[in-house]
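Got your viewer open? Let's take a walk through this one together, picking out one selection at a time.

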Protein chains: 4
Amino acid sequence: MEKVKVGILGATGMVGQRFVQLLVDHPWFEITEVAASERSAGRSYGEVMQDRWKVEREIPPEVARLEVKECVPELQCRLVFSALDAKVAGTIEEEFAKAGYVVSSNARNHRMDPDVPLLVPEVNPDHTEIIPQQKKRWPKGGYIVTNPNCSTIGLVMALAPLHRRFGLKRVMVTTLQALSGAGYPGVASLDILDNVIPFISGEEAKVETEPLKILGRLEGGRFVPAEIAISASCTRVNVRDGHLESVSVELQRQATEEELIQTWQEYNPLADLGLPSAPEHPLVYRPEPDRPQPLKDRDEGRGMTCTIGRLRPCQVLHYKFFLLSHNTIRGAAGAAILNAEYLLKKGYL
Amino acid sequence: MEKVKVGILGATGMVGQRFVQLLVDHPWFEITEVAASERSAGRSYGEVMQDRWKVEREIPPEVARLEVKECVPELQCRLVFSALDAKVAGTIEEEFAKAGYVVSSNARNHRMDPDVPLLVPEVNPDHTEIIPQQKKRWPKGGYIVTNPNCSTIGLVMALAPLHRRFGLKRVMVTTLQALSGAGYPGVASLDILDNVIPFISGEEAKVETEPLKILGRLEGGRFVPAEIAISASCTRVNVRDGHLESVSVELQRQATEEELIQTWQEYNPLADLGLPSAPEHPLVYRPEPDRPQPLKDRDEGRGMTCTIGRLRPCQVLHYKFFLLSHNTIRGAAGAAILNAEYLLKKGYL
Amino acid sequence: MEKVKVGILGATGMVGQRFVQLLVDHPWFEITEVAASERSAGRSYGEVMQDRWKVEREIPPEVARLEVKECVPELQCRLVFSALDAKVAGTIEEEFAKAGYVVSSNARNHRMDPDVPLLVPEVNPDHTEIIPQQKKRWPKGGYIVTNPNCSTIGLVMALAPLHRRFGLKRVMVTTLQALSGAGYPGVASLDILDNVIPFISGEEAKVETEPLKILGRLEGGRFVPAEIAISASCTRVNVRDGHLESVSVELQRQATEEELIQTWQEYNPLADLGLPSAPEHPLVYRPEPDRPQPLKDRDEGRGMTCTIGRLRPCQVLHYKFFLLSHNTIRGAAGAAILNAEYLLKKGYL
Amino acid sequence: MEKVKVGILGATGMVGQRFVQLLVDHPWFEITEVAASERSAGRSYGEVMQDRWKVEREIPPEVARLEVKECVPELQCRLVFSALDAKVAGTIEEEFAKAGYVVSSNARNHRMDPDVPLLVPEVNPDHTEIIPQQKKRWPKGGYIVTNPNCSTIGLVMALAPLHRRFGLKRVMVTTLQALSGAGYPGVASLDILDNVIPFISGEEAKVETEPLKILGRLEGGRFVPAEIAISASCTRVNVRDGHLESVSVELQRQATEEELIQTWQEYNPLADLGLPSAPEHPLVYRPEPDRPQPLKDRDEGRGMTCTIGRLRPCQVLHYKFFLLSHNTIRGAAGAAILNAEYLLKKGYL
C-alpha cells in the first residue's frame, strides 16, 4: 500500500513535535509537509527546531531536511494534522477543509461545532457519520475531525464503558496535569519548583463539556449530549508528561467493584481493526495500592493507554478511582493520528 | 509571668524539630526537656541532630545543649508536646498522663478516644469540657489533648464556619500533600522526581472521620459526630511544605458566593484571647484566579492561617474551592502549641 | 536623619522586586520612585505587578500604590538603583548620571568602564576614589557605581582575603547557578526538570574578568587588574536561589588549611561602619562535610553572607572548596544597596 | 550459539535491576539465577520486587518468576554479575571466584587489587592479560573482573584517547551526579528538592585514583599507574540519571580544538568486535553551545555512549569541556555486561 501523504500544521510547537515523532515511521502515513507560522517558513525544519526540539530522541533526519511552509492550503498532501494554536486554528483549518483537505485537528476551535465529530475511536466511532453532512459546507471534499482536550480524553476513555453498561449520573474530577500540556516555554520553572498551581485557564470548562458531546448520541443529524453532571478542578504539577486524575462517579445502576474492573479490562472495541496507533489495551487496571503514577504509567501502550487504579467506594458518590493518560500522546498528537487511521480504515480518506 | 516548663516527646523527628523551632522564643513556654528513643538518649540535642535538622535556620543553641532524655515520665516539666511516632505514642502518652503530665499530642493514637478532645481552638473549644471526665482515668491530674491530622485541619477550618452557618451535607476532597508530611527520610527522591504518588497510607480514612468528631457536639459527656458525608482522595506531590486541597461542598441551606467568602473572612473566634500562636486571621480568602499556592501561601499567618481561593459553583455539589495550610506548622506542631495555649488561657494547666 | 529618597530603575523584574523588598523598611533610604519600561508606566506598581511578583511575602502596600514612571531622569530622588536589562541599561544609566543622579547599578554595561568602580565594599572600597575623576564626565554631580555579576561576587568575597594574605596565582571554578539568576519567566520548567544546563550565555567571561578588576589596584587614576588566571565553567541547576561554586586555588605563598579558614573567619573590614545591609559575618566557614548547600545556607546573614565549606587539598592546584551566595540578594539588589550605604557613609552622596 | 547462563548477585538493588533489564533480551546471555540477601531469598523475584522495581518498563515476566537465591556459590550458571553492596561484595565475590565462577563486578571492593583488571574494553583491553595470574589464586578456574565507579567511567572514556595521543598531565573535574547513583531509597526528597549537595562519601577519592590504574600500563605482571594528577569535586543534583562532569585538562603535547574533537570522534576501538552492548560510537561530540545535558543525552547509544560538548580553551590548564554518561547503564550494569561480552569474545569464558 502506498503511504498517504500528510502534512503537519503547527509543526514547531510541542504537539507538532509529537506529530513528527509519532508519524516518522508510521506504516500508513508519510510526512511530506511541515508548516508553521510565517517567521519559520522558508528554512529547513532541522534549522528552525535546533533549540526548540523538546521530545525524546533527535529530530528525524528525513523531516529535518523538509522546508517549513506557511499554513496555507497549498501543501502536497491529502491529510493535514493540526497542532495549531487556538488563536489561529479556527480560520486556517476551515481554509484547508474548504480547499479539499482532510483535517485531523487537536485544536479546540471546532470541537463543539454541530457538524464536526469530537472523535475518540474507541468511544464514539459512529460520530463520524456526521461527516457527509459537514462536507456540504466544503465543496471540494475536505472536512474537519477533532480530538478532545488532553484532560478530557483519559477521563472519557475510563467513563465510556461504565456509561454504556451502568449509566453515569454524576462525575467529580480533580486533575493533576503535566507541564508539557502548557506547551513550550509554557510554565516558568520559578512558578512550579516546590509548588502546585491550582488553575489552568479554560481547562475546567472543557473537561465539563467535551465528555457530554463524546458520550452523547448522534441522532437525526445532530449531537444529543449525554445527561451527566461533571464537575472539574484542574491543577498543574511539576511533572513532565502524564495527566493524573482523581475521579468519583455516581452510576444509574448498581455495580460491584469487580464488575467495574471487568468492564474496563474487557473494553477493546478497536481490537480487530488493526489500527497502528491503537494500543493493545486501551484501558489497563493496575491492582497495586499506589498506581497509576505519571512516571511509571504514562508510556503504557506507547502512550496510548489510559491506566486506572485504586478503585474504591466513595462516601459521597458511588465509586472513586485514579486514572492517568499521556497528555501529548493519547491527549494530543496520538489521538489525532488514531482518528486519521480510523478514517482511513473506514474509507473516509 | 513565669514561663511554663515544657518537654518535647519525639523531639528528633520532623514534627519534633518544628516544636523546637516554634517553642524556642515562645512567650509562655520554655523548653526544659527534649526526649526521644533510647538510642538518641544521653547525648546533647545538638549532637544528635547534627545531620538530621531539616527545618529553616539553625538549631537554637539553648536547645542544642539540652541532654536528650528517654520518653519516660520523669521529665522536669508540667506539659509535654508529643511528636511521637504512632507506633509508640499510644502507650507513652498514657504513661505521661497517668504520671500527672498534660499531654498535647500530634499523634493519631488517641484522637478518636471517647474522652479525649480532638481540638482546634477556633472550631470546637467546648470539647475541652470532656477533660474533667478524662482525668478520672488519670489520678494525678494529667490528661491528653490531641490535634487532627495535617490534611484534616485545613479542611476543618474552612468547613467549620460554613457548617455553623449553612449546614454541610456532603464534602468531596482531593489532597495534594507535601513531602514533609511523610517525615524524614520519608519519600525517596527517585519516587517523586517528575512524579505524583496517588496514595498515602491511612490518610483518606483520617480525613473522612476526624472532621466528624471535630465538627460534632459534646453532649451529656460524649461526642456526637456531625452527620456529614466526606469522601477523600489523597496524593503526594513534589512540594516541601503546604497541603493543597481541592474541595466541593453541598450545603443544607442556600448561600451565595459572597456569603461564603464573607463567612470565612469574618471568622475569628479567638480574636480576643491573645493566644501567641493564633494567627491574625485564621482564614484568608484570596481573590486571585490562581491561588492558593503552596509556595506563596504556606507561610501566611506564620504558617497558622488556612488560605482559601477559587470559590466557584460546582456542577455536582454546590460549591467548590481550593484551600492550603502548612502541614508541619498548622498541621502539626503549631496546632499542638495553640491547643496548649488555649488550655493555659482557660485554666486547664 | 531624614531618609534619602531613592528610585528603582527596572523595578518590575526579578532584581527590581528584590530592591523593593530590601529597601522597603530600610533605615537610610526611602523608595519614592519606581520606574520601568514605557508599557508599564502610568499604572500603579501594585497593578503592574499583580501576576509578576515572585519574591517572598506580599508587595509592600506603600510601594504598591506608587505610580510606575518611565526611566527618564525626571524622578524625585537623589539616588537611583538600576536593575535594568543590559539591552537598555547602558544609555539610561548615563542619562541619569548626566542629569546629576547617583546611579548604583546591577547591570553589566558599565562594570568594566575605566572610571567606574566595580565595587564590593568589603573588598575594594578604595576603588571609590575614582569617582571624582568620573564626575568630570557628568557636569551635574552624578556618577555611576556598579556591583559585580551574581556568580562573581561570592567568588571574589572568598578569594579577596586569600589574595591579600597569600597571593593568588590561579583559580578554577565550576558554578551551579540558581534559576532566579535568569530572571522571569527565565528558564522553562520543561528545560530544567530532571536536568542540568551546562551553559549560561556570557557568564563565564564575566566570572573570568570581573574579579581581576575588583582584586586589582587603583593606581594613578587607573585600574590595574590583578594578575590571576581564572577559568570558569557555568551551569544552571534546578534550584530557586543560591549559586554554589566548586573552586580550586593556587597560592603564591604556602598556607595551611587552618590559616585559610582563620583568614576567612577574621575577615570583616566593614565591621565598624554600621552599614545596615552589611552582614555580621561576610564570610562564614562551615565545618560540616556536606556544606554549603543552597537550601540551607543561602539566607545566611539575610542573604548577604558568602558561606564556604569543604576546604581540602587539591591534587592539581593547592586547595579546593565550595562556596555559596544568594544570587539575587548578595549577587544583585543587596550588593547595590550595600554599595549605596557605603557611598552615603563615606560622604559620596 | 547456546546462550551463556548468568546469575545476578544483588539483583534487587538499583544496579541489580538494571542488570535484569539489560540482560533480559541479551543475545549471548541468559539470566538463570537472581540472588540477593537472605531476607529476600526463597520468594519469586516478582514478589520481592513488587514495590522496589524502579527502572523503566515492567519486571520481565521470565525473570519475575525466578526464585531469589542466597548469594552462595551454588548457582546454576557460569558467570555472575555482581551488583552487591560494598559491605558484602568483597567476601562474596571471592567465594564465587574460588568456586570457579567468572565474576563481572560493579562493586568497588576489588577494583584496585593488583591482579584484578579494572576494565573498560574501549580503553584498557590488554589489562585482561592479568587474568591468568589472578587465576592462580582460584584453583577452579574462576576469576574477578571489575568496572570503574559511575563517575570515573565517563571521565576515563573521554580522557583515554587524549592521553594516548597527546599525553595528559593534569585533570580537574567537578561532577554533577544523578540521584540513581545513590541507590534506593538513597537521597531523601527533602534533602534535594530545591537544593544541591556538594558531597558524596568516598567519591572524590575514587575519581582521583581509578583512572590512574585504567590509563596505566600492565608491565611485567603488574599495573603501573598513569602519571596524571587528577583533582575531583563531587556534587549531587536533582536529576534521575546521567552524571554531568565539568572537566579541564593539561596536555603534554600541543593540540588544537579540532584535533581533540577529531580524536574523540575517531575513537572506536571495539568497532569490529560485534559486542552487543558496545555503542555504535563510544564517544559523541555535540557542537551545540549547551550540550551535553542529562535529560537529552543520557540515553545516547542506549546509555553506553559518553557525550562530550563545549570544548573551549581553559585559562588555567589547556582545555575544558563537559561530558555526560548514564550512571547506571555505562556507569554500572552496562559496563559489567560489556566487560563480560569482551571476555567471552576473547575466549576468557
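## A loop to start with

Begin in chain D and select P185(D), which sits in the loop between β7 (168-177) and α7 (189-192) of that chain. Look at the link to the residue before: Y184(D) and P185(D) are joined by a cis peptide bond, with omega about 0 degrees. Keep in mind as you look that this is a predicted model.

Now jump to chain B and select Y184(B) and P185(B). The peptide bond from Y184(B) to P185(B) is cis too, with omega near 0 degrees. P185(B) has its place in the loop between β7 and α7 (189-192) of chain B.

Stay in chain B and go on to D194(B), in the loop between α7 and α8 (203-214). What is the sign of phi at D194(B)? Phi is positive there, about 60 degrees, although D194(B) is not a glycine. Here is some background for these stops: most residues other than glycine have a negative phi, and most peptide bonds are trans.

## How far to trust it

Colour chain A by pLDDT. Its mean is 96, and 100% of the residues of chain A reach 70 or more. The model as a whole scores ipTM 0.95 and pTM 0.96.

## Two domains in chain A

Next, give the two parts of chain A their own colours. Domain 1 is made of residues 4-149 + 332-345, while domain 2 covers 150-326. How many Å separate the centres of domain 1 and domain 2 of chain A? Taken over C-alpha atoms, 24 Å lie between them.

Now zoom in on where the domains meet. Here 33 residues of domain 1 of chain A are in contact with 29 residues of domain 2 of chain A. On the domain 1 side, helix α11 (residues 329-345) of chain A gives the largest share, with eight residues. That side of domain 1 of chain A, the one touching domain 2, divides into 16 nonpolar, eight polar and nine charged residues.

## Two crossing helices

Keep α11(A) on screen and add helix α6 (residues 150-166) of chain A. The axes of α6(A) and α11(A) come within 8 Å and cross at roughly 90 degrees. So α6(A) is roughly perpendicular to α11(A).

Show the side chains where these helices touch. From α6(A), pick C150(A), I153(A) and G154(A); they meet R330(A), G331(A), A332(A) and A335(A) in α11(A). The residues of this contact of α6(A) with α11(A) divide into four nonpolar, two polar and one charged.

## Chain B against chain A

Zoom out and show chains A and B together. Their contact takes 34 residues from chain B and 34 residues from chain A. Which elements of chain B each supply at least two residues of the side that touches chain A? They are β7 (168-177), β10 (229-236), β11 (243-251), α10 (294-297) and β14 (319-325) of chain B. Highlight β10(B), which provides the largest share of that side, five residues. By type, the side of chain B touching chain A divides into 17 nonpolar, 10 polar and seven charged residues.

Now try superposing the two copies. A turn of 180 degrees and a shift of 0.0 Å along the axis lay chain B on chain A, with an RMSD of 0.0 Å. Both copies use the same surface here: 100% of the contact residues of chain B recur in chain A.

## Chain C against chain A

For the last stop, hide chain B and show chain C with chain A. In this pair, 15 residues of chain C are in contact with 14 residues of chain A. The side of chain C that touches chain A divides into eight nonpolar, four polar and three charged residues.

Superpose again: chain C can be laid on chain A with an RMSD of 0.0 Å by a turn of 180 degrees and a shift of 0.0 Å along the axis. That is the relation of a two-fold axis. To find the axis, select S189(C): in chain C, its C-alpha is the one nearest the axis, 2.0 Å from it. The same surface serves both copies, since 93% of the contact residues of chain C recur in chain A.

Notes
Residues are numbered from 1 along each chain as its sequence is written. Chains are lettered from A and ligands numbered from 1 in the order in which they are written. This is a predicted model: local features need pLDDT of at least 70, side-chain atom pairs count only at pLDDT 80 or more; totals for chains, interfaces and linings use all residues. Copies are superposed by least squares on the C-alpha atoms of residues with pLDDT of at least 70 in both. Two residues are in contact if their C-beta atoms, placed from the backbone, lie within 7 Å. Domain bounds come from an automatic or database domain assignment. Helices (H or I, at least four residues) and strands (E, at least two) are DSSP runs, numbered from the N terminus. Ala, Val, Leu, Ile, Met, Phe, Trp, Tyr, Cys and Pro count as nonpolar, Asp, Glu, Lys and Arg as charged, and the others, Gly among them, as polar. Axes are lines fitted to C-alpha atoms, for helices over the stretch in contact, and angles run from 0 to 180 degrees between N-to-C directions. Angles under 35 degrees count as roughly parallel, over 145 as roughly antiparallel, 65 to 115 as roughly perpendicular and the rest as oblique. pLDDT is the predictor's confidence in each residue, from 0 to 100.
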